[in-house]
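Here is a casual walk through one protein chain, written for someone meeting it for the first time. Take a look at the sequence and the model, then read on.

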Amino acid sequence: MAKRLYEVWKGNNIFFFRGRLIFGPDARSIIITLLLIIVPVIIFCTSVARNLVDEISGNIAGYAILLVTVVLTIYLLLLLLLTSATDPGIVPRNLHPPTEEICYDSSASIDVGRQTPTPQLPPTKQVIVNGVPVRVKYCSTCQLYRPPRCSHCSVCDNCVERFDHHCPWVGQCIGVRNYRSFFLLISSSSILCIFIFSMSALNIKFLMDDYGTIWKAMKESPLSVVLMVYCFIFLWFVGGLTCFHLYLIGTNRVSFLPSF
């Protein structure tokens, strides 16, 4: 019986469910990402959101805060799964180098008194894309000339179409097939950070009205302060990343700049 493709895969990827899910070799890092999302949300829902429900008693807004948090978190986890377990756009390897591109070295070696030409592949070649000449590079690992905007990931050991970068937080390359879910992941993470920060600040405001000073309010709900600091720090990361990728999308670029 012939083996399936994932059983003879030459890259460093990890497969689950008979090859239906494909992860990078550092897929364990997803556990850290999950904890960074789930732990703050649990703290928020069990302390801050619970207090807000009591403060806004008789109003559906209190329960809406809890509902929005849960829905956003589930949405984030689905995006994380889509980004991590989706083929990013891996270009299948060739079993043999393209023979039609082979040229022969002029400085031939001598074998038993005769000259034996040495086959070589040009490191780059020029192709025409939409009437524009584009130089593409040969990948000796995958034994193919990479399509335009395709690069080889040294972590996964694959050539990936429209390769942006290898993200250790999702344990996967970011390429043509999972870039959309990756962008939605970081932008939605920014929204969740802003939301939890705002609701924690609102909780401090309600406590200030009850206890008179901000210090007493912070002492009464230290978890609100911890969540505000946490969200502020991570918003600089995911928010800055979102703005950076908005710029890349607007200018039709990728993070990775291949060298020739």
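Is F23 buried or exposed? F23 counts as buried, with a relative accessibility of 9%. Keep in mind that this is a predicted model.

F23 has an aromatic partner, so to speak. The structure holds six aromatic pairs, and one of them joins F16 and F23. A pair of aromatic rings is described by the distance of the centres and the angle of the planes. For F16 and F23 the centres are 5.5 Å apart and the planes are at 80 degrees, which makes the pair edge-to-face. While F23 is buried, F16 is partly exposed, with a relative accessible area of 42%.

Now for the overall picture. The chain has 260 residues, and 35% of them count as buried. Its secondary structure comes to five helices and 13 strands. If you take contacts between residues at least 6 apart in sequence, 58% of them join residues at least 24 apart.

Two of the helices make a good next stop. Helix α1 covers residues 29-55 and helix α2 covers residues 60-85; they pack with their axes 9 Å apart, at an angle of about 175 degrees. Because angles over 145 degrees count as roughly antiparallel, that is the label for α1 and α2. On the α1 side, the residues making the contact include I30, L34, I37, V41, F44 and L52. On the α2 side, Y63, I65, L66, L76 and L80 are among them. Sorted by class, this contact has 16 nonpolar residues, five polar ones and no charged ones.

Helix α1 also holds E55. How far apart in space are E55 and F206? Their C-alpha atoms are 7.4 Å apart, although their positions lie 151 residues apart in sequence terms. Setting aside residues up to four places away in sequence, E55 touches F206 and D210. E55 is partly exposed, at 30% relative accessibility.

D157 tells a similar kind of story, this time from a loop. D157 sits between β10 (151-153) and β11 (158-160). D157 and N13 are 144 residues apart in sequence, yet their C-alpha atoms are 8.3 Å apart in space. Which residues does D157 contact, leaving aside neighbours within four places in sequence? They are K10, G11, N12, R93, T141 and H152.

Next, a look at the backbone. Two residues have a positive phi without being glycine: R18 and N252. Here they are side by side.

| Residue | Phi | Place | Relative accessible area |
|---|---|---|---|
| R18 | near 55 degrees | loop between β1 (14-16) and β2 (21-23) | 51%, exposed |
| N252 | about 60 degrees | segment after α5 (222-251) | 43%, partly exposed |

R18 counts as exposed because its relative accessible area of 51% is over the 50% cut-off. N252, at 43%, is partly exposed.

One last detail involves a charge and a ring. What sits over the ring of Y145? The charged end of K125 does, at 4.8 Å from the ring centre.

Key. Residues are numbered from 1 along each chain as its sequence is written. This is a predicted model: local features need pLDDT of at least 70, side-chain atom pairs count only at pLDDT 80 or more; totals for chains, interfaces and linings use all residues. Side-chain values use heavy atoms; hydrogens and water are left out. Axes are lines fitted to C-alpha atoms, for helices over the stretch in contact, and angles run from 0 to 180 degrees between N-to-C directions. Helices (H or I, at least four residues) and strands (E, at least two) are DSSP runs, numbered from the N terminus. Angles under 35 degrees count as roughly parallel, over 145 as roughly antiparallel, 65 to 115 as roughly perpendicular and the rest as oblique. Contact means heavy atoms within 4.5 Å. Ala, Val, Leu, Ile, Met, Phe, Trp, Tyr, Cys and Pro count as nonpolar, Asp, Glu, Lys and Arg as charged, and the others, Gly among them, as polar. Rings of Phe, Tyr and Trp (its six-membered ring) pair if their centres lie within 6.5 Å; planes under 30 degrees apart count as stacked, over 60 as edge-to-face and the rest as tilted. Buried means under 20% relative accessible area, exposed over 50%, partly exposed in between (1.4 Å probe, protein chains only). A charge sits over a ring if NZ of Lys or CZ of Arg is within 6 Å of the ring centre and within 35 degrees of the ring normal.
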